[in-house]
Amino acid sequence: MSFVRSARAFFGSLPKNLSKKVLKPDMRVNSVADIDVKYLKRKGMTHIFFDMDNTITSFHGAKVPQSISKRLKELCRMFKVYIMSNSDSEHVKAFIKRNPAYLLNYMEMGGRKKPAVSTFEYVLKKSGALAKNCVMVGDRYFTDIAGAKKSGFGLVIKTMPLLQETEPLILKAVRGLERGYVRLRRIR
Ligand SMILES: [Mg+2]
């Protein structure tokens, strides 16, 4: 893994028109286990879109760790919950099938990727939800947070990477650059 490769991957992942407002999540939590179900209900949220890798599973993982399992089940019972992942669709579908207890729905993105606003508009239309009633939960600033903020989601929650040690080196490097960028812009 070269620095040039990771820098290229990083800059390639930069969404257009980055501003502090777009990169700043509405809420930060350590993990999904810290999401307050009652708070989301009080705020009128109806739908939750979860990133998958390192938000609810390890990188390309097959199961949900026990540390977040109980809360994820609770959220699935209380809200309409979708997985919105840039990963290979077959991998995501297989994960959902293997874990029926979570009532997770697969969100097909029509070949689109996060953080494009068109992707978020597409999934909103498919789910029939209003952006203001939707929560996005993810671990990455430039994909999950920026995309959902630009698309007017009602609540955008940033988690810490769930099991960062499972990520390939290239992604660790990109994440490091991302973190540096966020610090540089003093996004807190
Ligand atoms: Mg992720």
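How many bridges pair S2 and S3, and in which sense do the two strands run? In this predicted model, S2 and S3 pair in the parallel sense over four bridges, where pairing requires that DSSP find at least two bridges between two strands. Helices (H or I, at least four residues) and strands (E, at least two) are DSSP runs numbered from the N terminus. The chain passes from S2 through H4 to S3 in a right-handed β-α-β crossover; a crossover has this hand if, with the strands pointing away from the viewer, the path from the first strand over the helix to the second runs clockwise. Residues are numbered from 1 along each chain as its sequence is written. Because the model is predicted, local features need pLDDT of at least 70 and side-chain atom pairs count only at pLDDT 80 or more, whereas totals for chains, interfaces and linings use all residues.

The sheet is open and contains six strands in the order S1-S6-S5-S2-S3-S4, with parallel pairing. S1 and S4 (105-106) occupy the edges with a single partner strand each, so one side of each has no neighbour in the sheet. At one edge, S1 (residues 27-29) is joined to S6 by three parallel bridges, and valine 29 has threonine 159 of S6 as its bridge partner. At the other edge, S3 and S4 pair in the parallel sense over two bridges, with asparagine 105 of S4 as the bridge partner of tyrosine 82.

Within the sheet, isoleucine 48 has valine 81 of S3 as its bridge partner and stands opposite valine 135 in S5. S2 and S5 run parallel and are joined by four bridges. Four bridges also connect S5 to S6, again in parallel, and valine 135 has leucine 155 as its bridge partner in S6. S5, H7 and S6 together make a right-handed β-α-β unit.

Burial was assigned from C-beta atoms placed from the backbone: a residue is buried if 20 or more other C-beta atoms lie within 10 Å of its own, exposed if 12 or fewer, and partly exposed in between. From S2, His47 and Phe49 point one way and Ile48 and Phe50 the other, and all are buried. S6 is likewise covered on both faces, with Leu155, Ile157 and Thr159 buried on one side and Val156 and Lys158 on the other.

The largest nonpolar core (buried Ala, Val, Leu, Ile, Met, Phe, Trp, Tyr and Cys residues joined through C-beta atoms within 7 Å) has 37 residues, of which Phe49, Phe50, Ile83, Val135 and Met136 touch the most other members. The elements that each supply at least two residues include S2 (47-50), H4 (66-78), S3 (80-83) and S5 (134-138). H7 provides the largest share, five residues. Beyond four places in sequence, methionine 136 is in contact with Phe49, Asp144, Ala148, Phe153, Val156 and Ile157, contact being defined by C-beta atoms, placed from the backbone, within 7 Å.

In H6, Thr119, Phe120 and Val123 are buried. Viewed down the helix axis, the buried residues of H6 fall within an arc of 95°, so they line one face; the arc is that of the directions from the axis to the C-beta atoms. S2 and H7 are among the elements covering these residues. Just after H6, glycine 128 adopts a positive phi of about 75°.

Lysine 113 lies in the loop between S4 and H6. With 13 C-beta neighbours inside 10 Å, lysine 113 counts as partly exposed. Excluding neighbours within four places in sequence, its contacts are Asn86 and Thr119. Lysine 113 and asparagine 86 are 27 residues apart in sequence, with a C-alpha to C-alpha separation of 5.6 Å.

Methods
Contact = placed C-beta atoms within 7 Å.
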